[in-house]
Amino acid sequence: MTNETSAPEQILAAATELFHERSPAAVSLREIARRAGVNYGLIHHYFGTKEAVLAEVFRASSGHGGRLLADAEDTGTALARLGRDPRAYARMLAWAVLDSDTSKVFADESPAIRMLAELVGREWEAGPASDPARDRYDPRVVAATSVLAVLAWSVFAPYVFPAAGLADRDPDDVHAEVLDLLRDMIATTGPGPDRGSTDVGP
């Protein structure tokens, strides 16, 4: 039997595996305990509820995402790292949003999105001189949109490829094109005198 000092880690590892396999709504605390090889009562002792377990799983996953970007020097590198096979996490996230009380699961800032937003802001600052009339995008919104696009493509690609007539394209090439598109989006949404203007004529 696992000693108590390692029980929380065992529980979170088992819960992560099960939440990757199916919706948290379809996973019981007793099943998590069995997979972890710990007494059922320890889950209540350390976490209390399934929502608390799920919240801790996402907190740990977010921490991993933050570590992935810790030394990323630009948004292109950051997006490439986040785009490395995120499907299991994206599926777990979708299930949690649809089937859980999100107010009890998602309360913390994502280190990965925060770091990407900081990189976005840094790249914008290094770009052309700012025009206040164009300074309307929040780097956090741009970063979050980029992350959502990466996650959505990983989950919905089986629908998108036939729906968009992309069956003739190599999935890896499309994935690289999506990352290039996101990098271009980040560059073109930054403040600058010629970006996003809808004015016509001189």
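This is a tutorial dialogue on how to read a predicted model of a protein.

Student: Where should I begin, and what does the secondary structure of the protein come to?

Tutor: It helps to begin with the elements before looking at single residues. Here, in a model that is predicted, the secondary structure comes to 10 helices and 0 strands, so the order of elements from the N terminus on reads α-α-α-α-α-α-α-α-α-α.

Student: How many of the residues are buried, and what share of the contacts joins residues 24 or more positions apart?

Tutor: Buried residues make up 37% of the 202 residues in the protein. Among the contacts with a separation of 6 or more, 72% are accounted for by residues 24 or more positions apart. One pair that is apart in sequence is R67 and A112, which are separated by 45 residues in sequence and by 7.9 Å in space, C-alpha to C-alpha. R67 itself has its place in helix α4, residues 50-69, and with a relative accessible area of 58% it is exposed, because exposed means over 50%.

Student: How do I read a helix by its span, and what is the case for α1?

Tutor: The idea is to set the distance between the end C-alpha atoms beside the span expected at 1.5 Å a residue. Helix α1 has 15 residues and reaches 21 Å from its first C-alpha to its last, close to the 21 Å expected.

Student: Which residues of α1 are buried, and where do they lie around the axis?

Tutor: In α1 the buried residues are A7, P8, I11, L12, A14, A15, L18 and F19. Seen down the axis of α1, these residues fall within an arc of 165 degrees, and therefore they line one face of the helix. The elements that cover the buried residues of α1 include α2, α3 (40-46), α4 and α6 (87-99).

Student: What happens in the loop after α1, where S23 has its place?

Tutor: A loop residue can be read in the same careful way, by its accessibility and its contacts. S23 sits in the loop between α1 (7-21) and α2 (29-36), and at 10% relative accessibility it counts as buried, because the cut-off for buried is under 20%. Leaving aside neighbours within four places in sequence, S23 is in contact with W95 and D99, and the side chain of S23 makes a polar contact with the side chain of D99 at 2.4 Å.

Student: Why is α5 described as largely enclosed?

Tutor: Here one counts the buried residues of the helix: 6 of the 8 residues of α5 are buried, so the helix is largely enclosed by the rest of the structure. The buried residues are T75, G76, A78, L79, R81 and L82, and what covers them includes α4, α8, α9 and α10. T75 in particular has a relative accessible area of 4% and is buried; not counting residues up to four places away in sequence, T75 touches L116, L119, V120, E123 and I186.

Student: What caps the N-terminal end of α5, and what caps that of α10?

Tutor: For a cap, one looks for a side-chain atom that lies by a backbone atom at the helix end. At α5 the cap is D74, with a side-chain oxygen 3.1 Å from the backbone nitrogen of G76. At α10 the cap is D170, with a side-chain oxygen 3.0 Å from the backbone nitrogen of D172.

Student: Which residues of α10 are buried, and which are exposed?

Tutor: The buried residues in α10 include V174, V178, L179, L182 and I186. They cover an arc of only 145 degrees around the axis, which puts them on the same side of α10. On the other side of α10, L181 and T188 are exposed. The buried residues of α10 pack against α5 (75-82), α8 (111-125) and α9 (139-163).

Student: How many aromatic pairs are there, and what should I look for in them?

Tutor: One reads the distance between ring centres together with the angle between the planes. The count comes to 3 aromatic pairs. W153 and F161 form an aromatic pair that is edge-to-face, at 6.3 Å centre to centre and with 90 degrees between the planes. At 29% relative accessibility W153 counts as partly exposed, whereas F161, at 14%, counts as buried. Ring pairs also link F58, Y89 and F106 into a cluster.

Student: What lies over the face of Y40?

Tutor: R30 lies over the face of Y40, at 3.9 Å from the ring centre.

Conventions:
Residues are numbered from 1 along each chain as its sequence is written. This is a predicted model: local features need pLDDT of at least 70, side-chain atom pairs count only at pLDDT 80 or more; totals for chains, interfaces and linings use all residues. Side-chain values use heavy atoms; hydrogens and water are left out. Buried means under 20% relative accessible area, exposed over 50%, partly exposed in between (1.4 Å probe, protein chains only). Helices (H or I, at least four residues) and strands (E, at least two) are DSSP runs, numbered from the N terminus. The arc is that of the directions from the helix axis to the C-beta atoms. Contact means heavy atoms within 4.5 Å. A polar contact is a pair of N or O atoms within 3.5 Å; within protein, one must be able to donate a hydrogen and the other to accept it, and residues adjacent in sequence count only if both atoms are side-chain atoms. Rings of Phe, Tyr and Trp (its six-membered ring) pair if their centres lie within 6.5 Å; planes under 30 degrees apart count as stacked, over 60 as edge-to-face and the rest as tilted. A charge sits over a ring if NZ of Lys or CZ of Arg is within 6 Å of the ring centre and within 35 degrees of the ring normal. The expected span of a helix is 1.5 Å times one less than its number of residues.
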